[in-house]
Amino acid sequence: MDSFISLAKKGYEAYSESQSSDVNKTGGQEYNRPSNSNDDQYEGGGGRPHFDHEDAGRQAEEHAPGAGSFVSSALNHIKSHPQQQPDEDEVVQAHEKAYNQGSTSGLSSGSLGGAAALKIFQQFGGGGKSNNELIGLAIGEATKLMGGSGDQGGAANGAAAVMMKLVMQKEMGNFIGGGSSGGMSSMMKLASNFM
């Protein structure tokens, strides 16, 4: 599964790079958006969406007071540790336990953060929210789920990593034929049941 995602990501990156050439370019996304809008833009060829730390922080703070302080460190964490991928099965199990069984005992802060991101993606990932809003809401939900105590930074990191993965999978699904393609991850399958 991960090799398929990796292959699809490399294909998308190659396509993106081929489209970034200015030779004979007659139009493009940058001509249709305000120049100050970073939403859905990609960072330095890494294939990861760029998130505006300030905007995402506002979203987190609105969802859960105090959560905005975790946004920059969580986004910097996932940017500096791209090899650390969330365990999808662990996230799905943590989501089931936290939201359907009402228990957070025995779950790590990262798992709780991942469960929170999956919940937010189920609610809002189908459209109408920017990537900044999604990641901010996920981090806010993660700190709420922690109940204001424990390793809130770890929960924020987990939420950011899972939301990043969900956003990328959604965008890749749109790019290669829709979210119903056969290579959909277990997290995306669960999330799509609610979108």
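In this predicted model, Glu 54, Asp 55 and Arg 58 are joined in a network of salt bridges. A good place to start is the pair formed by Arg 58 and Glu 54, whose closest N and O atoms lie 3.3 Å apart. These two residues sit 4 residues apart in helix 2 (residues 53-63), so about one helical turn separates them. Arg 58 also meets Asp 55 through a salt bridge between their side chains, with an N to O distance of 3.4 Å. Here again both partners belong to helix 2, with a spacing of 3 residues, or about one turn of the helix.

The members of this network can also be described by their accessibility. Glu 54 has a relative accessible area of 59% and is exposed, whereas Asp 55, at 19%, is buried. The value for Asp 55 falls under the 20% limit, which is why the residue is classed as buried. Arg 58, the residue that pairs with Glu 54 and with Asp 55, counts as partly exposed at 41% relative accessibility.

In total, the structure holds 3 salt bridges. Besides the two pairs in helix 2 described above, there is a salt bridge between the side chains of Glu 88 and Lys 165, with N and O 3.1 Å apart. This pair ties together distant parts of the chain, as Glu 88 belongs to helix 4 and Lys 165 to helix 7 (residues 152-175), 77 residues apart. What is the accessibility of Glu 88 and of Lys 165? Glu 88 has a relative accessible area of 12% and is buried; Lys 165 likewise counts as buried, at 9% relative accessibility.

Helix 4 leads on to the next feature, its packing with helix 5. Helix 4 (residues 88-100) and helix 5 (residues 109-124) pack with their axes 8 Å apart and at an angle of about 80°. Helix 4 is therefore roughly perpendicular to helix 5. On the side of helix 4, the contact involves Glu 90, Val 91, Val 92, Ala 94, His 95, Ala 98 and Tyr 99. Facing them in helix 5 are Ser 111, Leu 112, Gly 114, Ala 115, Ala 116, Leu 118, Lys 119 and Gln 122. Sorted by class, this contact comprises 9 nonpolar, 4 polar and 2 charged residues.

Helix 5 itself is mostly covered, with 12 of its 16 residues buried. Among the buried residues are Ser 109, Gly 113, Ala 117, Ile 120 and Phe 121. Several contact residues for helix 4, including Ser 111, Leu 112, Gly 114 and Gln 122, are also in the buried set. From its first C-alpha to its last, helix 5 reaches 22 Å, close to the 22 Å expected at 1.5 Å a residue.

Beyond helix 5, the chain offers one further point of interest. Ser 130 is placed in the loop between helix 5 and helix 6 (131-145). With a relative accessibility of 14%, Ser 130 counts as buried. The C-alpha atoms of Ser 130 and Ala 56 are separated by 9.6 Å, although the two residues are 74 residues apart along the chain.

Technical notes:
Residues are numbered from 1 along each chain as its sequence is written. This is a predicted model: local features need pLDDT of at least 70, side-chain atom pairs count only at pLDDT 80 or more; totals for chains, interfaces and linings use all residues. Side-chain values use heavy atoms; hydrogens and water are left out. Axes are lines fitted to C-alpha atoms, for helices over the stretch in contact, and angles run from 0 to 180 degrees between N-to-C directions. Angles under 35 degrees count as roughly parallel, over 145 as roughly antiparallel, 65 to 115 as roughly perpendicular and the rest as oblique. Contact means heavy atoms within 4.5 Å. Ala, Val, Leu, Ile, Met, Phe, Trp, Tyr, Cys and Pro count as nonpolar, Asp, Glu, Lys and Arg as charged, and the others, Gly among them, as polar. A salt bridge is a side-chain nitrogen of Lys or Arg within 4 Å of a carboxyl oxygen of Asp or Glu. Buried means under 20% relative accessible area, exposed over 50%, partly exposed in between (1.4 Å probe, protein chains only). The expected span of a helix is 1.5 Å times one less than its number of residues.
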